[in-house]
Amino acid sequence: MQQSIQANLKRLLIFLNYSKNYLRRNNPIKILQKEVVAGLKDVLSINKKRKMIKYKLKYQMHQLSQMEKLIAQNNEHVFLRGNKFNEMR
């Protein structure tokens with residue numbers, strides 16, 4: 001009986017040492033703190049990110065319109081242009 005109690009206490013102490021060492025290596029409080037700080041930084045920089053995305057979108061739309069203009073100028077099948085329409089008559 002006494003030996004089984006000692007063995008169980010020994011196992012419990014070993015388990016507590018492993019748990020303590022694990023918590024030292026991977027401190028959940030520090031991890032939570034880092035995640036909260038990262039979340040706050042993201043929230044506070046949303047406006048800046050929104051402006052950058054808006055700028056990139058405007059730039060892409062401008063490039064798209066330029067490409068559409070070039071395609072329309074060089075396309076022989078566009079019948080709305082005056083010269084081609086007059087030549088076809």
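## Surface and overall make-up

The protein puts about 9200 Å² of surface on show, and carbon and sulfur atoms account for 63% of that. Keep in mind that this is a predicted model. As for burial, 0% of the 89 residues of the protein count as buried.

On the secondary-structure side, things are easy to summarise: there are four helices and zero strands. Read from the N terminus, the elements go α-α-α-α.

## The nonpolar patch

Helix 1 covers residues 2-25, and Leu12 sits in it. Leu12 is also one of the residues behind a nonpolar surface patch of about 780 Å². The other members of this patch are Met1, Ile5, Leu9, Leu13, Phe15 and Leu16.

How open is Leu12 itself? Its relative accessibility comes to 44%, so Leu12 is classed as partly exposed. That value also clears the bar for patch membership, because a patch residue needs over 30% relative accessible area.

## The positive patch

Now for the charged side of things. Arg50, Lys51, Lys54 and Lys58 together form a positive surface patch. Lys51, to pick one of them, belongs to helix 3, which spans residues 46-74.

Is Lys51 buried or exposed? With a relative accessible area of 53%, Lys51 falls in the exposed class, because that class starts over 50%.

## The salt bridge

How many salt bridges turn up in a search of the whole structure? The search finds one. Its partners are Lys49 and Asp42, whose side chains meet with an N to O distance of 3.4 Å. That pair qualifies because the cut-off for a salt bridge is within 4 Å.

Both partners have some surface to show. Lys49 has a relative accessible area of 42%, so Lys49 is partly exposed. Asp42 also comes out at 42% and is likewise partly exposed. Lys49 is not part of a patch, because patches are made of residues with no salt bridge, and Lys49 is paired with Asp42 in one.

Technical notes. Residues are numbered from 1 along each chain as its sequence is written. This is a predicted model: local features need pLDDT of at least 70, side-chain atom pairs count only at pLDDT 80 or more; totals for chains, interfaces and linings use all residues. Side-chain values use heavy atoms; hydrogens and water are left out. Patches are made of residues with over 30% relative accessible area and no salt bridge: like charges are joined within 9 Å, nonpolar side chains (Val, Leu, Ile, Met, Phe, Trp, Tyr) within 5 Å. Accessible areas come from the Shrake-Rupley method with a 1.4 Å probe; for residues, only the protein chains shown count as cover. Helices (H or I, at least four residues) and strands (E, at least two) are DSSP runs, numbered from the N terminus. Buried means under 20% relative accessible area, exposed over 50%, partly exposed in between (1.4 Å probe, protein chains only). Lys and Arg count as positive and Asp and Glu as negative; His and the chain ends are not counted. The place of a charge is taken as NZ of Lys, CZ of Arg, CG of Asp or CD of Glu.
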